[in-house]
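Student: Could you take me through one helix of this model up close, along with whatever packs around it? I'd like a connected account rather than a list.

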Amino acid sequence: MTANCWFRSLRMRCDVRLFWFFWAVLATATAFGQSAPEKSTSNAKEITLNRKVELMIRSKFEIPGNCEIRIGQRTPSSISGYDDLQVTITRGDKNTETDFLISKDDKTLARLEKYDLDHNPALTIDIADRPIRGNPMAPVTIVNFDDLECPVCAEMHSILFPGILKHFGGTVRFIYKDNPLVEIHPWALHAAVDGTCLADQDSGAYWSYVDYVHTHGGEVTGETRDIARASSVLDRIATEQGSRAKVDATTLQACLRRQDDTPVRKSMKEAQGLGLNFTPALFVNGEELPGLTSEKDIRDVIDRTLRESGVEPPKEAAPSPPE
């Protein structure tokens, strides 16, 4: 409310005491008027700085326009030359508080993130009871979140086997986890469940099944792309691989009919927790190699990981002499 509006309000209320109080406040402000410009200048600087901070945060973190950003008070920081600055981002009724650092000279905004080294999800991937390919005691573990209907996963599978496994031999072991992208791959979930049925009985049968499906995806999909037909083909493939491995046929058929996707869903949830909305996703001793990575890149990471473990990587095989 402006002074004029306030004065009119006072007259309308006919409150003489408030009228004289108003003029007393005005006189006091005049008497101490020398400090007013300094305070006004300080406020203007703070408003300008807060606006700079807001614009920088919106730009760097792509904050939507419908989010409100509130800049908190500066507090002493343990980082030399900086103050702590808490920023609150509000969208609807949800608040997110984020800590920033601002330099003493107001020229630099920084963000210091802390990570709990004892709680790295990539180092705690659940591989219990999963089939292992390679040396079970190998110093390097390669975990692959796989989708059996994914053509890129099939290409990755062809890079890993036999190439990578043959080159590194007993220094590596492979473990596949299920992450069927059910929104775009209609028979991937069924394929993963059938694979789990085999894995429950025989690791070799599981890997033979995975090898076959990744190299015969067109046979499963078929020209008609009928899901019921694809499911039937997957069950047939699983039955054939189980028969070759001499697993218990009755147990296998009961599992195939039941189609219990609980273990697969659990693996999918774990993948979601790791931020994996894609396949394939390789982890080499906890180091993520997302997407389709070349054989050379994979070899380089494994070589480095082996050296860090105190193991000398195998040498490249010498080319055969020309005949």
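Tutor: Let's come in from the far end: just after H8, Lys 246 takes a positive phi of about 60 degrees. Before going on, a word on the ground rules. This is a predicted model, where local features need pLDDT of at least 70 and side-chain atom pairs count only at pLDDT 80 or more, while totals for chains, interfaces and linings use all residues. Residues are numbered from 1 along each chain as its sequence is written, and side-chain values use heavy atoms, with hydrogens and water left out.

Now the helix itself. H8 covers residues 227-244, and its 18 residues reach 26 Å from first C-alpha to last, close to the 26 Å expected at 1.5 Å a residue (the expected span is 1.5 Å times one less than the number of residues). Helices here are DSSP runs of H or I with at least four residues, strands are E runs of at least two, and both are numbered from the N terminus; the protein has 11 helices and 9 strands. At the N-terminal end, Asp 226 acts as the cap of H8, with a side-chain oxygen 3.3 Å from the backbone nitrogen of Ala 228.

Which residues of H8 are buried? They are Ala 230, Ser 231, Val 233, Leu 234, Ile 237, Ala 238, Gln 241 and Gly 242. Buried means under 20% relative accessible area, exposed over 50%, and partly exposed in between, with a 1.4 Å probe and protein chains only. As background, an α-helix has 3.6 residues a turn, so residues three or four places apart point the same way.

The cover over those buried residues includes H5 (188-199), H6 (203-215), H7 (217-221) and H9 (249-258). Tyr 209 is a good place to look: leaving aside neighbours within four places in sequence, Tyr 209 is in contact (heavy atoms within 4.5 Å) with residues including Leu 234, Ile 237, Ala 238 and Gln 241, and also Leu 198. Tyr 209 is also among the residues with the most contacts inside the largest nonpolar core, which has 40 residues. Such a core is a set of buried Ala, Val, Leu, Ile, Met, Phe, Trp, Tyr and Cys residues joined through side-chain atoms within 4.5 Å.

Two of the covering helices are also linked covalently. A disulfide (cysteine sulfur atoms within 2.5 Å) joins Cys 197 to Cys 255, S to S 2.1 Å. Cys 197 lies in H5 and Cys 255 in H9, so the pair ties together parts 58 residues apart in sequence. Both Cys 197 and Cys 255 are buried, and their link is left-handed, at -80 degrees about the S-S bond.

Definitions and conventions: A polar contact is a pair of N or O atoms within 3.5 Å; within protein, one must be able to donate a hydrogen and the other to accept it, and residues adjacent in sequence count only if both atoms are side-chain atoms.
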